[in-house]
Amino acid sequence: QVQLVESGGGLVQAGGSLRLSCAASGSIFGINVMGWYRQAPGKQRELVAGIIRAGTTNYADSVKGRFTISRDNAQNTVFLQMNSLKPEDTAVYYCNAVIISRLSKLDTYWGQGTQVTVSS
């Protein structure tokens, strides 16, 4: 059993910052990719940022230069530092991880989601 637990969402004014965290726990052998997705009301879920175990990152064009993804492999944790937030960043943010379990099974897991609201 693997769980992803997110924290750090909330309400912030435009131009402000938030830091999201996501910790994976359970029967984990290794974590390949970790990332953050978001889903705004009436829109499809979209990739915000991803990071592989070696540290290579990728970002959605809409957040480049404002958001930074990082991970702590020893703690099985991924972070998303969000700066210069805009109202259009308002969404539920979901943590995602591709995990190899101790039974050598590869699966994709999702967190429960955390609300980020940016007021204008």
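**Notebook: core, bridges and turns of a predicted model**

I began with Leu80 and listed its contacts, leaving out residues up to four places away in sequence: Leu80 touches Leu18, Arg19, Leu20, Trp36, Val48, Ala49, Phe67, Thr68, Ile69 and Tyr93. I note here that the model is a predicted one, and that every value below is computed from it.

**The nonpolar core**

I then looked up the set of residues to which Leu80 belongs, and found that the largest nonpolar core has 30 residues, of which Trp36, Leu80, Met82 and Tyr93 touch the most other members. At least two residues of this core come from each of β1 (2-7), β3 (18-26), β4 (28-39), β5 (46-52), β7 (67-72), β8 (77-82), β9 (91-101) and β11 (114-119). Which strand gives the largest share of this core? I found that β9 does, with five residues.

I turned next to Trp36, which lies in strand β4 and is buried, since its relative accessible area is 0%. I also checked how Trp36 stands to Ile69, and recorded that their C-alpha atoms are separated by 8.4 Å although the two residues are 33 residues apart along the chain.

**The disulfide**

I searched the whole structure for disulfides and one was found. The bond joins Cys22 to Cys95, with an S to S distance of 2.1 Å. The angle about the S-S bond is -80 degrees, and I therefore wrote the link of Cys22 and Cys95 down as left-handed. The pair ties together distant parts of the chain, for Cys22 belongs to strand β3 and Cys95 to strand β9, 73 residues apart. Are these cysteines buried or exposed? Cys22 counts as buried at 0% relative accessibility, and Cys95 is buried with a relative accessible area of 0%.

**Beside the disulfide: Ala23 and Thr77**

I moved one entry on to Ala23, found in strand β3, and noted that Ala23 counts as partly exposed, because its relative accessibility is 31%. With neighbours within four places in sequence set aside, Ala23 is in contact with Gln3, Leu4, Val5, Asn76 and Thr77. I also looked up its spacing to Val78: the C-alpha atoms of Ala23 and Val78 are 6.6 Å apart in space, while the residues are 55 residues apart in sequence.

Thr77, one of those contacts of Ala23, has its place in strand β8 and counts as buried at 11% relative accessibility. Apart from residues up to four places away in sequence, Thr77 touches Cys22, Ala23, Met34, Ser70, Arg71 and Asp72. A polar atom of the Thr77 side chain lies 2.9 Å from the backbone oxygen of Gln75.

**Rings and charges**

I asked how many aromatic pairs the structure holds, and the count came to one. The rings of Tyr37 and Trp110 have centres 5.0 Å apart and planes at 65 degrees, so I entered the pair as edge-to-face. This pair, too, links distant parts of the chain, with Tyr37 in strand β4 and Trp110 in strand β10 (residues 106-110), 73 residues apart. Tyr37 counts as partly exposed at 24% relative accessibility, and Trp110 is partly exposed with a relative accessible area of 38%.

I then looked for charges placed over rings. The charged end of Arg19 sits over the ring of Phe79, 4.2 Å from the ring centre, and Arg45 lies over the face of Tyr94, at 3.7 Å from the ring centre.

**Loop residues**

I looked up Asp89, which is found in the loop between β8 and β9, and asked whether Asp89 is buried or exposed. Asp89 is buried, because its relative accessible area is 1% and the limit for buried is under 20%. Once neighbours within four places in sequence are left aside, Asp89 is in contact with Arg38, Arg66, Phe67, Ser84, Val116 and Val118.

My last entries concern backbone angles, for most residues other than glycine have a negative phi. Asn76, in the loop between β7 and β8, has a positive phi, near 50 degrees, and counts as partly exposed at 21% relative accessibility. Ser104, in the loop between β9 and β10, also has a positive phi, near 65 degrees, and is exposed with a relative accessible area of 64%.

Key
Residues are numbered from 1 along each chain as its sequence is written. This is a predicted model: local features need pLDDT of at least 70, side-chain atom pairs count only at pLDDT 80 or more; totals for chains, interfaces and linings use all residues. Side-chain values use heavy atoms; hydrogens and water are left out. A nonpolar core is a set of buried Ala, Val, Leu, Ile, Met, Phe, Trp, Tyr and Cys residues joined through side-chain atoms within 4.5 Å. Buried means under 20% relative accessible area, exposed over 50%, partly exposed in between (1.4 Å probe, protein chains only). Helices (H or I, at least four residues) and strands (E, at least two) are DSSP runs, numbered from the N terminus. Contact means heavy atoms within 4.5 Å. Rings of Phe, Tyr and Trp (its six-membered ring) pair if their centres lie within 6.5 Å; planes under 30 degrees apart count as stacked, over 60 as edge-to-face and the rest as tilted. A charge sits over a ring if NZ of Lys or CZ of Arg is within 6 Å of the ring centre and within 35 degrees of the ring normal. A polar contact is a pair of N or O atoms within 3.5 Å; within protein, one must be able to donate a hydrogen and the other to accept it, and residues adjacent in sequence count only if both atoms are side-chain atoms. A disulfide is a pair of cysteine sulfur atoms within 2.5 Å.
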